[in-house]
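Biologist: I have a model open on my screen and would love your help with one part of it. Could you take a close look with me?

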There are 6 protein chains.
Amino acid sequence: MNVLVISAHSGDFVWRAGGALALHAARGDDVRVVCLSYGERGESPGLWRQDGMSLERVKEARRGEAEAAAKALGVAIGFMDFGDYPLRIDDEGLFRIVGEMRAARPDVLLTHVANDPWNRDHDAAREATLLARQVAQAAGHDPATPVIGAPQVLQFEPHQPERCGFSPDLLLDITPVFDRKQAAMECMGAQAHLVSYYTDLGARRGVQAVRNGGHRSIEQAEAFQRVFPTVAGTLG
Amino acid sequence: MNVLVISAHSGDFVWRAGGALALHAARGDDVRVVCLSYGERGESPGLWRQDGMSLERVKEARRGEAEAAAKALGVAIGFMDFGDYPLRIDDEGLFRIVGEMRAARPDVLLTHVANDPWNRDHDAAREATLLARQVAQAAGHDPATPVIGAPQVLQFEPHQPERCGFSPDLLLDITPVFDRKQAAMECMGAQAHLVSYYTDLGARRGVQAVRNGGHRSIEQAEAFQRVFPTVAGTLG
Amino acid sequence: MNVLVISAHSGDFVWRAGGALALHAARGDDVRVVCLSYGERGESPGLWRQDGMSLERVKEARRGEAEAAAKALGVAIGFMDFGDYPLRIDDEGLFRIVGEMRAARPDVLLTHVANDPWNRDHDAAREATLLARQVAQAAGHDPATPVIGAPQVLQFEPHQPERCGFSPDLLLDITPVFDRKQAAMECMGAQAHLVSYYTDLGARRGVQAVRNGGHRSIEQAEAFQRVFPTVAGTLG
Amino acid sequence: MNVLVISAHSGDFVWRAGGALALHAARGDDVRVVCLSYGERGESPGLWRQDGMSLERVKEARRGEAEAAAKALGVAIGFMDFGDYPLRIDDEGLFRIVGEMRAARPDVLLTHVANDPWNRDHDAAREATLLARQVAQAAGHDPATPVIGAPQVLQFEPHQPERCGFSPDLLLDITPVFDRKQAAMECMGAQAHLVSYYTDLGARRGVQAVRNGGHRSIEQAEAFQRVFPTVAGTLG
Amino acid sequence: MNVLVISAHSGDFVWRAGGALALHAARGDDVRVVCLSYGERGESPGLWRQDGMSLERVKEARRGEAEAAAKALGVAIGFMDFGDYPLRIDDEGLFRIVGEMRAARPDVLLTHVANDPWNRDHDAAREATLLARQVAQAAGHDPATPVIGAPQVLQFEPHQPERCGFSPDLLLDITPVFDRKQAAMECMGAQAHLVSYYTDLGARRGVQAVRNGGHRSIEQAEAFQRVFPTVAGTLG
Amino acid sequence: MNVLVISAHSGDFVWRAGGALALHAARGDDVRVVCLSYGERGESPGLWRQDGMSLERVKEARRGEAEAAAKALGVAIGFMDFGDYPLRIDDEGLFRIVGEMRAARPDVLLTHVANDPWNRDHDAAREATLLARQVAQAAGHDPATPVIGAPQVLQFEPHQPERCGFSPDLLLDITPVFDRKQAAMECMGAQAHLVSYYTDLGARRGVQAVRNGGHRSIEQAEAFQRVFPTVAGTLG
């Protein structure tokens with residue numbers, strides 16, 4: 001199974017989907033993260049408080065953290081460096097994302113929700129993901145490489161889900177790999193205060209997973225919302 | 001796997017979920033249909049056009065058709081006879097449904113959507129299903145029988161889905177058992193004009209299933225909408 | 001054309017649809033109002049401030065006002081006297097509404113919206129209208145009288161539309177009959193302060209009608225929201 | 001300021017609004033909780049696991065816990081004993097709630113959300129609250145006691161908010177009284193596992209409060225969703 | 001009556017609105033289709049499977065098909081050639097669409113829905129239509145040509161309507177001209193498998209039209225969703 | 001308290017929020033309006049009917065009106081001159097808005113709603129406001145000026161609110177300063193017909209404010225919809 005993540009900033013994939021990625025990596029699946037930006041302007045306040053900081057130094061630090069986190073999760077990672085706050089993706093950028101999709105041939109794409117009023121970069125990443133998926137399916141785009149199928153798009157849980165229209169329809173049990181998610185979160189020096197926040201959130205989603213019929217052993221879960229219907233051979 | 005269907009009228013389970021039921025019956029699962037009414041007043045216009053028809057005779061005819069359809073699908077069936085147009089369920093009726101749930105111990109419940117402006121009996125059946133599920137989970141209700149877990153509730157596709165707020169999130173491949181669904185539909189003498197309608201609908205949902213990543217061999221599908229999040233161990 | 005109005009309280013039809021009713025009455029259409037209650041408890045504060053008032057005297061006064069208003073509009077009126085605050089409709093009451101529908105054979109039904117948090121009687125009236133419409137369509141209900149077809153249901157504009165989910169999709173030009181609506185509103189002694197309020201609202205909806213392509217001569221309009229799709233032979 | 005809480009079961013007010021109640025009690029406001037049921041059937045699984053338990057003994061135990069919790073919060077409490085799973089409120093019950101509203105003359109009402117698919121008792125409590133509020137405003141209902149004004153209705157956060165359509169629009173800082181909420185939660189022996197769950201949730205809502213402009217000292221918050229618009233003299 | 005269609009790709013107008021266009025053409029109305037792209041990259045997989053295909057040859061083939069289809073429907077057609085997958089419309093392109101609107105002076109505009117996750121070109125076409133309509137109404141844009149009025153915008157049915165938020169509010173009887181739609185569909189060589197799909201869909205919408213009060217003779221219908229309220233002189 | 005208004009066209013702030021601005025100016029708060037365009041093309045039809053009009057002359061006239069209105073309200077005003085119909089904001093424009101936010105340090109931002117199908121400039125202004133707010137919060141954007149906090153964003157009432165998804169959650173009493181709003185509205189020569197329209201609307205919102213618990217003295221109100229939850233120390 002191939003999993004491709006389109007992450008607006010270089011931290012998002014850790015907090016919002018680190019467990020999912022570790023889980024599939026542990027299964028031997030091909031998991032790849034594409035960071036559209038480093039979150040260098042908007043998501044690195046701790047770094048900017050340090051003396052002599054520059055945009056390049058912040059990006060370098062953020063890149064190092066993300067690479068360490070990806071390693072902790074056991075997944076591959078790449079960086080587009082499109083800039084953040086605002087994240088802007090022109091057609092050249094779009095076609096690079098299409099190229100990633102054509103190369104990875106994902107069964108599942110992960111990205112952000114639309115309508116996050118706190119963070120429009122999330123909307124931009126989601127829009128680029130849907131548009132790149134569509135272009136990657138087009139026979140007439142770069143006919144030399146084969147088109148992709150119709151991968152599901154799973155949207156991450158945003159920071160304040162209810163006001164972003166996020167309604168979880170998939171609670172993923174990440175208990176078996178939570179140690180890896182924790183290790184990955186601890187790599188994210190610039191945003192250390194978030195580790196306990198996302199650990200608590202995982203516990204909360206875990207309780208809900210149990211309440212919705214999951215096994216009692218579930219202690220940590222991540223929530224996702226599908227864009228497309230699932231196709232299945234049974235109701236269960 | 002145990003599947004329990006709460007059908008407002010004695011025809012609904014055939015048109016809207018016959019393929020799903022045949023599929024699980026064919027797997028050896030325990031599938032049981034509970035018809036809350038026979039649809040005797042509102043869904044039997046053909047019978048009422050016959051001479052000398054009475055409410056009892058319509059019910060008898062409808063019961064015979066539903067039993068034949070259930071047999072064709074390979075599933076068990078029971079009748080509550082609560083009356084239709086309107087379908088009214090008092091607490092005694094509710095507790096009978098709770099009893100069915102406690103007995104069947106379903107992994108999945110199937111029923112109607114809410115907010116069908118054409119047919120409020122569908123709302124009544126859905127409301128009763130959710131309420132009965134909740135009561136069946138209560139330790140203090142009939143403590144002599146064990147409580148149930150947290151089965152998913154899958155909602156049928158209504159006749160005019162968009163104006164009922166129906167948004168399919170599960171497209172079920174029923175191609176392998178479509179002959180059984182067809183046989184079951186043909187048992188429903190009172191509503192014969194619907195066979196081709198629902199065959200076409202199944203083909204349409206089948207095309208959509210393929211477009212959403214299903215195998216090209218899918219020719220017939222049924223659409224459902226989940227009430228609760230799914231809990232899973234992988235993203236796929 | 002036959003128009004049947006199901007009004008929760010005896011004033012609603014005047015404020016919310018008086019222009020529509022006068023318009024159709026003036027065309028020679030058959031227009032009939034059914035008031036489910038007099039609004040005697042909850043919508044007659046002025047009467048209750050008078051000395052020696054009793055429930056029966058309030059009902060009598062409200063009935064007189066509504067009859068005068070109906071006369072001013074040129075429409076027929078009847079009263080169900082189900083009580084208000086809360087309005088409760090049992091099956092006997094429901095079947096009386098069904099009887100009205102079978103007798104009137106409406107092309108259009110008018111009633112309230114759902115989800116009015118200020119006034120649950122409106123929800124009750126709307127629910128009864130949809131349910132009675134469904135029963136009136138049932139071949140097996142009172143087989144001695146003919147079933148009805150599939151009349152559109154138009155929902156009135158509620159007092160605070162946005163928080164009730166009301167989204168107008170029909171702006172009706174009532175300019176030619178606004179004098180009749182005004183005369184009818186002036187019959188409603190118990191709620192006199194509302195005349196200027198609803199005149200202003202009509203002007204506002206009139207401006208919107210012009211903005212949406214209506215003729216510049218429109219000065220007064222009423223807004224409605226359809227429950228069902230329209231069926232037409234042209235796009236216009 | 002008068003605060004009146006309509007709680008479906010005798011535990012809800014503690015978990016979902018205990019901080020809000022303690023806060024207003026501490027200000028010297030008049031805070032009163034009305035429990036529509038004890039949650040005796042559906043929300044007391046721990047008690048039912050004890051030997052020799054009966055409905056009456058469960059109710060007694062639950063009542064004791066709720067009274068202790070109310071005392072810890074510093075608020076008044078009453079019990080309607082309408083039964084739970086399902087919670088059913090007839091007109092006599094409704095008028096008792098109306099009587100509570102007429103007596104308390106609340107500036108704010110607190111209750112549950114609608115559309116909780118896990119727990120229809122919450123819907124019943126919310127519907128009764130809106131309907132009782134409307135009746136309590138009616139001049140013709142029990143004319144011997146004065147009508148109430150137009151109190152805001154604040155809806156509690158449900159257990160799985162996103163699938164209930166809950167969108168928080170008020171984050172209340174309960175940091176100054178969190179010790180009282182904790183004490184109250186610890187009174188709820190039957191549901192002890194929820195204390196850490198709701199403590200974590202409060203911390204999460206606290207972080208969100210700070211992110212939405214609240215003071216950095218906020219550590220615990222509760223989320224609510226308003227039914228009606230607020231009326232104010234300034235934008236802030 | 002003037003009808004102007006803004007079609008994202010050169011096939012959309014045939015499948016989604018061919019009947020509507022033939023109907024108005026048959027009435028002698030002025031019907032004009034503007035194709036924003038040929039669908040050359042994304043909607044011509046059959047052509048791309050042919051040897052020696054190039055973007056220009058695909059566009060030429062698609063243009064020929066669309067012209068033939070327009071001729072079969074009896075309507076005028078023009079091409080903007082903005083490119084597809086992605087469809088991008090800059091201000092120069094926007095002003096060309098404005099020019100079409102100023103020239104055509106439409107009573108009705110037809111275009112796509114927003115929020116189609118499968119095809120963002122549809123969103124782009126819809127956005128351009130709304131924006132061009134607004135600019136065409138502006139006195140200060142190209143003051144040498146007269147502004148337009150306030151034409152209704154009708155949105156086509158998308159391929160998977162429920163997940164695009166499509167809710168049909170107009171079911172158009174196209175039975176009298178279905179032979180023309182069929183002829184037009186048969187011109188679309190590149191997408192031949194869709195003919196039976198859209199014939200079935202038309203039959204399904206036809207059944208729904210009859211169920212919503214349309215004449216029993218309706219066999220084929222097309223569904224649309226209005227953007228703006230309708231303005232009318234009667235309720236019917 | 002600092003209030004910053006991002007107005008798509010130079011008239012919007014007067015009609016939609018003039019009372020709010022006058023109210024805060026009268027309290028001694030710092031209120032500043034930023035007009036993204038003059039509405040020179042699309043919202044000045046009266047001016048364009050005059051002989052010899054040019055874009056520059058319309059802009060000059062509109063600027064004069066807006067300055068006079070701002071003076072009547074007692075607030076500061078600035079102009080971005082980005083052009084209207086369509087309003088387009090590139091990154092340079094965005095950063096100018098960010099600069100305004102960093103300079104003003106607003107407690108509250110006011111702007112338009114999303115999803116106004118009549119006027120996409122409103123969407124553009126709202127999107128720019130949310131995005132600029134996010135950039136203004138970013139430590140890495142222009143590190144020489146301090147970041148802002150998390151101001152609430154209040155959305156204006158659009159012209160046809162229900163079809164724009166506008167649901168008012170704040171009714172602001174502007175009675176004490178309505179004379180100033182009236183004076184400001186009268187400065188807007190180009191759109192004189194709107195004065196009575198918005199006076200009526202203010203009266204209507206005033207009646208609703210009273211109905212929702214506001215003081216009976218309220219005669220004029222403005223409606224707003226919040227983007228973010230409020231954070232508070234009490235429920236009231």
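Biologist: How many residues of chain B are in contact with chain E, and how many of chain E with chain B?

Modeller: Happy to help, and please keep in mind that this is a predicted model. On each side of this pairing, 21 residues take part: 21 from chain B and 21 from chain E. In chain B, the residues that lose the most area to chain E are E162(B), R204(B) and R211(B), which together make up 32% of what that side buries. As for size, a general point helps: an interface is often described by the accessible area lost when the parts come together. Between chain B and chain E that buried area is about 2,000 Å², with carbon and sulfur atoms giving 44% of it.

Now for the charged and polar links. There are 4 salt bridges between chain B and chain E. E162(B), which we met above among the residues losing the most area, also forms a salt bridge through its side chain with R205(E), at 2.6 Å from N to O. Counting polar contacts, the rule finds 12 residue pairs across the interface of chain B and chain E, with both residues at pLDDT 80 or more. Sorted by class, the chain B side that touches chain E holds 8 nonpolar, 5 polar and 8 charged residues.

Chain B does not meet every other chain, though: no contact joins chain B and chain F, and their closest C-alpha atoms lie 17 Å apart.

Notes
Residues are numbered from 1 along each chain as its sequence is written. Chains are lettered from A and ligands numbered from 1 in the order in which they are written. This is a predicted model: local features need pLDDT of at least 70, side-chain atom pairs count only at pLDDT 80 or more; totals for chains, interfaces and linings use all residues. Side-chain values use heavy atoms; hydrogens and water are left out. Contact means heavy atoms within 4.5 Å. Buried area is the accessible area (1.4 Å probe) that two parts lose on being put together, summed over both. A polar contact is a pair of N or O atoms within 3.5 Å; within protein, one must be able to donate a hydrogen and the other to accept it, and residues adjacent in sequence count only if both atoms are side-chain atoms. Ala, Val, Leu, Ile, Met, Phe, Trp, Tyr, Cys and Pro count as nonpolar, Asp, Glu, Lys and Arg as charged, and the others, Gly among them, as polar.
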